[in-house]
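Student: I would like a close look at a single part of this model, with the criteria behind each assignment spelled out as we go.

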Amino acid sequence: MTRHARPLLLTVDRGNTSLDVMLHSAPVKRWRAPAHAPETVLAEVATLAGVPVRAVASTVVAGGLTALEAVLADAGVRLEVAGRDLPCPLPLAYADPNELGTDRWLAALAAFAAHGAAVVVQCGTAITADAVDASGRFLGGAIAPGLRAMAAGLAAAAPALPPFAGGDAIAVPATSSRACVDAGVHFAFCGAVERLVEDVARALPGGAPRLLTGGDARAYLRHGRLSFVHVPDLVHQGLRCLAERCAPRS
């Protein structure tokens with residue numbers, strides 16, 4: 001067995017629709033699966049039995065880590081959960097901090113560690129746009145429907161329209177109903193990101209870098225108008241920052 005001077009770090013981002021696990025080894029390993037079918041990720045995690053690992057997780061879903069926590073326990077690893085076991089190290093300008101999703105403050109923590117003041121946008125089931133100032137204070141932001149949520153809402157409200165296909169080739173004026181839906185949903189998504197960023201950024205006079213992450217970040221980068229620093233593993237970086245700031249729980 002390979003011995004490590006310190007445990008490897010395993011970080012877990014459990015969102016509304018996906019389970020995303022990263023092992024901070026050399027090279028880094030990352031496993032992702034739909035939240036409703038996490039078997040492949042659970043099987044990979046099970047192979048860590050006997051390897052010194054510290055596991056730190058974030059979830060926005062009640063009970064969303066139960067299966068993974070059991071697999072890790074069988075491997076001799078205790079799962080530490082952001083917000084439950086490891087408190088947020090950032091000052092929070094949030095009326096009720098218990099309402100704030102850990103993924104949002106973790107992304108802000110990583111952004112602050114790398115850039116100082118920043119605007120952070122996550123493009124997942126929801127679009128979140130948040131600001132962290134130069135002192136490290138999380139200022140809050142806004143939440144809107146994400147790309148797939150917009151498409152699902154349109155399909156539910158207007159079932160006679162063609163379904164959203166999510167293609168890359170988007171042009172306006174579009175010349176078929178299917179192409180019109182694809183263009184409209186994509187550009188509505190991009191427009192929402194841009195308006196949210198514009199308004200949230202006003203809380204940071206003097207300007208700040210804009211960071212983009214999440215499963216639909218690339219859709220914005222293909223079709224949007226603003227420039228961003230794209231950080232696909234921003235929540236994992238936040239979990240790493242959190243682990244470094246907080247001693248392992250006993």
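Student: How many bridges join strand β6 to strand β9, and do the two run parallel or antiparallel? Please take the answer outward from there to the surrounding sheet and the side chains around it.

Tutor: A word on the basis comes before the details: this is a predicted model, in which local features need pLDDT of at least 70 and side-chain atom pairs count only at pLDDT 80 or more, whereas totals for chains, interfaces and linings use all residues. Residues are numbered from 1 along each chain as its sequence is written, and side-chain values use heavy atoms, with hydrogens and water left out.

Strand β6 (residues 118–123) and strand β9 (residues 210–213) run parallel and are joined by four bridges; strands here are DSSP runs of E with at least two residues, helices are runs of H or I with at least four, and both are numbered from the N terminus, while two strands pair if DSSP finds at least two bridges between them. Within this pairing, V119 has R210 of β9 as its bridge partner, and Q122 has T213 of β9.

The two strands belong to an open sheet of five strands with mixed pairing, in the order β8-β7-β6-β9-β10. The edges are taken by β8 (138–145) and β10 (229–230), each of which has a single partner strand, so one side of each is left without a neighbour in the sheet. Towards the β8 edge, seven bridges join β7 (residues 126–132) to β8 in the antiparallel sense, and A126 has P145 of β8 as its bridge partner. Five residues lie between the strands of this hairpin, where G136 takes a positive phi near 90°.

Towards the other edge, β9 and β10 pair in the parallel sense over two bridges, with L212 standing opposite H230 in β10. The chain crosses from β9 to β10 through helix α6 (residues 217–223), and this β-α-β crossover is right-handed, the term applying if, with the strands pointing away from the viewer, the path from the first strand over the helix to the second runs clockwise.

Aromatic side chains add to this picture, with two aromatic pairs counted when ring centres of Phe, Tyr and Trp (its six-membered ring) lie within 6.5 Å, planes under 30 degrees apart being stacked, over 60 edge-to-face and the rest tilted. The rings of Y94 and F138 have centres 6.3 Å apart and planes at 55°, so the pair is tilted; it links distant parts of the chain, with Y94 in the loop between β5 (79–81) and α3 (102–115) and F138 in strand β8, 44 residues apart. F138 is buried at 0% relative accessibility, whereas Y94, at 23%, is partly exposed, where buried means under 20% relative accessible area, exposed over 50% and partly exposed in between (1.4 Å probe, protein chains only). The rings of Y220 and F228 have centres 5.4 Å apart and planes at 85°, so this pair is edge-to-face. R210 lies over the face of F228, at 5.7 Å from the ring centre, the rule being that NZ of Lys or CZ of Arg is within 6 Å of the ring centre and within 35 degrees of the ring normal.

Finally, the count of disulfides is zero, a disulfide being a pair of cysteine sulfur atoms within 2.5 Å. The sulfur of C123 is 8.5 Å from the closest cysteine sulfur, in C190, which is too far for a bond, and C123 is buried, with a relative accessible area of 1%.
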